[in-house]
Amino acid sequence: PLSKSPPKNKRGVCDSGPLPPGAARPLLGLAHFQKDLSEAAMEAAMVAAVQRVEAAAQRVAVTAPHILDREGDREGMRLLEAALTAKAGVVVAASAAAWRTAANVASAMRLCRIGAADTPPLPPPQLLDLPPELLARIVSQCDSHIDIARTAAVSHFLHDSVVDEGLRLRAQERGYDLELLRGHWLSKGCRGGLCYAAMLREANPPALVAASQNHSLFIDSEGRLASCGSEDAEEDEEDEDDMDMSLPGLLGHGESVTQLSVPTRLPSSLGGECAESVAAGDNHNLAVTAGGALWSWGEGASGCLGHGDVQDQHQPKKIEALAGHRVVASSVGCAHSLAITGDGALWSWGAGCPLGQGDRDTQLLPKRIDGMGRVIAVSAGTWHSLTITADGAVWSWGKGSEGRLGHGDEEDVLLPKQIAFLAGQSVIAVSAGESHSLAITADGAVWSWGWGGEGMLGHGDEQIQSQSLPMRIEALAGQRVVAVSASLLHSLALTANGDVWSWGWGGQGLLGH
């Protein structure tokens, strides 16, 4: 949250006073600013804010006239066009010195020529004169929620309501499931909840591509499923007891198709619905449709397909036990499956302790896991599970060896247990691998725990055999990581600027270096 701002008049302009200490600190600590900025850093931050909002305003000028015409707000459009023509970037001052020396902050905001602190103020119209509804639409068109936060952090003219409405419009346009975050709004405030929703969506987008050891799945531009790979797993030449290494139904094309060298559409149309996300496991797969149905196919021996039996399915089959529930996300482990429904409930089925049902029994049908509140993200590892709840907390359960659960020990956990070490952190993404785990917090930091014998924890010492508590990866300090993935022996991270980082075992070219 921002420091307390000076009093504002009815248009939201600060009437007087210099920039308060710490006012440039961003919402939720999202921007990489220091608590006390230098003159140069403050000026750079404000100039960047001017450029962001002017770019967003240009987008609105191009795309929004038909909306504004319907609302009868042609006068607002006229002001916007005039402000852009005059380059009246009044969202922030063009010079940090102007903020600190001006007797009237509003007049300082009217400096418009970027980088020219001594340029005399231009007359209205200016962006500040636009109607609040139009200002909110401009805010919503910033490139990212991070840009909105950074702009709000150095701007005193923006009403809190304008920023909140801009964030809300941006979230609605991008289809964020805001209902799942109601608990976070209550604890962090509306703006905090909206920023958190944006980060969650950025870190957990619907998976249009998924890959496992022997196959890959794709969703094409028409919402149809495709797959490639093999249902014949590679045999271990030293293991003479491995007689049957087939993976029945893995590709989803029927019993007669066991190998595909290029992505090929599945025969199934998923009941005429478009696929929205896929999850690929070593033995089975899940797909969520636009209507919230969940389909599964592959090997059914462990009950992980959720159809009430242990039969293999060579083509996608709808999980009828979840009919009446809108599934919004899913994840697959080695022999278990997890799904989140629209009400924030988490469901599990399959075999063993990763189910979180308090026992090690096989569960042939989806069964709700209680005790966590609203679940907003999930990741199924080989033998353990991770979730994020609406308050930003992380929960884990399953096999505890090598410290993969993050509770400071190696005990198995049969019911969801909150990872106390991450309490107070707003976690936005988790990934459960074979024997290690990864998490991203709202500041873009990455944490790892579990087995690290091949260096996949990222702490610079491949001799670390296990880390039973989450530990921040310092090699990624200064990077804003937006997505992570934990596999068998290596890890990947994606940063906000599109860079990919890798670490762990480098055999077979896994790390891409």
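Ser140 has a relative accessibility of 0% and therefore counts as buried, since a residue is buried under 20%. The structure described here is a predicted model, and this report considers two serines in turn, followed by a sheet and the confidence of the prediction.

**Ser140 and its helix**

Ser140 is placed in helix H6. This helix covers residues 132–140 and is mostly covered, as seven of its nine residues are buried. Ser140 is one of these buried residues, and the others are Leu134, Leu135, Ala136, Arg137, Ile138 and Val139. Within the helix, the side chain of Ser140 reaches the backbone oxygen of Arg137 at a distance of 2.6 Å.

Which residues does Ser140 touch once those up to four places away in sequence are not counted? They are Gly166, Leu169, Arg170, Glu173 and Arg174. Val163 is 23 residues from Ser140 along the chain, and the C-alpha atoms of the two are separated by 8.4 Å.

**Helix H8**

Helix H8 consists of residues 160–173. Its 14 residues should span 20 Å at 1.5 Å a residue, and because its end C-alpha atoms are 20 Å apart, the model agrees with that expectation. The buried residues in H8 include Val163, Gly166, Leu169 and Arg170; Val162, Asp164, Leu167 and Ala171 are also buried. After H8 comes Gly175, which has a positive phi, near 75°.

**Ser337 and its surroundings**

Ser337 lies in strand S10, which runs over residues 336–341. Is Ser337 buried or exposed? Its relative accessibility is 0%, so Ser337 counts as buried. With neighbours within four places in sequence left aside, the residues in contact with Ser337 are His284, Leu286, Cys304, Ser331, Val332, Trp347, Ser348 and Trp349. Two of these residues, His284 and Cys304, also appear in the table below, which lists side-chain approaches of the two serines.

| Serine | Partner | Distance |
|---|---|---|
| Ser337 side chain | His284 side chain (polar contact) | 2.8 Å |
| Ser337 side chain | Cys304 backbone oxygen | 2.8 Å |
| Ser140 side chain | Arg137 backbone oxygen | 2.6 Å |

Ala351 stands 14 residues from Ser337 along the chain, and 9.0 Å separates their C-alpha atoms.

**A four-stranded sheet**

Another part of the model is an open sheet of four strands, in the order S13-S14-S15-S16, with antiparallel pairing. At its edges are strand S13 (375–380) and strand S16 (413–418), each of which pairs on one side only. On average, neighbouring strands of this sheet are turned by 15° against each other, with direction ignored.

How many bridges join S13 and S14? The pairing of S13 with strand S14, residues 384–389, is antiparallel and extends over five bridges. As one example of a bridge partner, Ile388 in S14 is matched with Ala377.

**Confidence in the model**

The average pLDDT of the protein is 78, and 70% of the residues score at least 70. Over residues 1–36, pLDDT stays under 50, and the model has 93 contacts beyond four places in sequence for this stretch. Residues 66–72 also have a pLDDT below 50, with five contacts in the model beyond near neighbours in sequence. Where pLDDT is low, predicted coordinates should not be read in detail.

Notes:
Residues numbered from 1 in each chain as written. Predicted model: local features only at pLDDT ≥ 70, side-chain atom pairs only at ≥ 80, totals over all residues. Heavy atoms only, no water. Pairing = 2+ DSSP bridges. Helix = DSSP H or I, 4+ residues; strand = E, 2+ residues; numbered from the N terminus. Axes fitted to C-alpha atoms, helices over the stretch in contact; angles between N-to-C directions. Buried < 20%, exposed > 50% of the residue type's maximum accessible area, 1.4 Å probe, protein only. Contact = heavy atoms within 4.5 Å. Polar contact = N/O pair within 3.5 Å; in protein donor to acceptor, adjacent residues only side chain to side chain. pLDDT = per-residue confidence, 0-100. Expected span 1.5 Å × (residues − 1).
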